[in-house]
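Q: I'm new to this one and would like a close look at a single part of it: the salt bridges. Could you walk me through them?

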Amino acid sequence: MTESIQEHEDKSITLPLNRMREQFSELQDTYRRLLPKVDPVLINDLLSREISTIAEKPFSYTIEVFTRNGIDKEIAKNYIYEKTGKMPSVLDNGTHYVTTQNVTLDILKEISESEDVVDVRGSYCGGIGIQASYYEHSR
């Protein structure tokens with residue numbers, strides 16, 4: 001009799017955990033569909049902060065944008081400055097731009113939709129971030 005109770009308890013735990021995995025997988029698919037160039041870890045972090053924090057929004061992140069080769073880095077720097085009010089650090093021969101800026105899902109979507117962008121990553125800094133590179137683009 002104890003074995004059947006144990007099996008029932010195992011199933012009552014396993015089934016909800018499997019459903020949680022399925023839902024997370026569906027969420028990851030949504031991230032890839034809506035923001036294909038944005039690191040899912042960044043999206044998840046931003047959404048988690050939006051839901052669980054009463055801190056002021058938008059949230060400040062160090063954002064790293066990787067671009068295709070051959071774009072004019074002066075035009076890209078000026079565009080980023082006009083959008084964010086911050087002059088980006090430029091690395092990797094003008095294919096890697098780093099800013100500390102306020103971020104929303106709408107901003108990530110706008111960045112992701114640029115034809116020049118190949119990858120977007122970032123980390124929460126709470127407004128005290130250092131505008132330095134943390135990530136490397138994996139090609």
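A: Sure, let's start with Arg68, which is partly exposed, its relative accessible area being 39%. Keep in mind that this is a predicted model. The partner of Arg68 is Asp116: the two form a salt bridge, and their closest N and O atoms are 2.8 Å apart. Where do they sit? Asp116 is in the loop between α4 (105–112) and β4 (117–124), while Arg68 is in the loop between β1 (59–67) and α3 (73–84), so this pair ties together parts that are 48 residues apart in sequence. Asp116 is partly exposed too, with a relative accessible area of 28%.

That's one pair; the structure holds 9 salt bridges. Another one links the side chains of Lys109 and Glu113, with 2.8 Å from N to O. Here the two ends fall into separate classes: Lys109 counts as partly exposed at 35% relative accessibility, whereas Glu113 is exposed, at 51%. The cut-off explains that, because exposed means over 50%.

Now for a little cluster. Salt bridges with shared partners join Arg19, Glu22 and Glu26 into one network. Inside that network, the side chains of Glu22 and Arg19 meet at 3.2 Å, N to O. Both belong to helix α1 (residues 2–34), and being 3 residues apart there puts about one helical turn between them. As for accessibility, Glu22 is partly exposed with a relative accessible area of 42%, and Arg19 is partly exposed as well, at 36%.

Conventions:
Residues numbered from 1 in each chain as written. Predicted model: local features only at pLDDT ≥ 70, side-chain atom pairs only at ≥ 80, totals over all residues. Heavy atoms only, no water. Salt bridge = Lys/Arg side-chain N within 4 Å of Asp/Glu carboxyl O. Helix = DSSP H or I, 4+ residues; strand = E, 2+ residues; numbered from the N terminus. Buried < 20%, exposed > 50% of the residue type's maximum accessible area, 1.4 Å probe, protein only.
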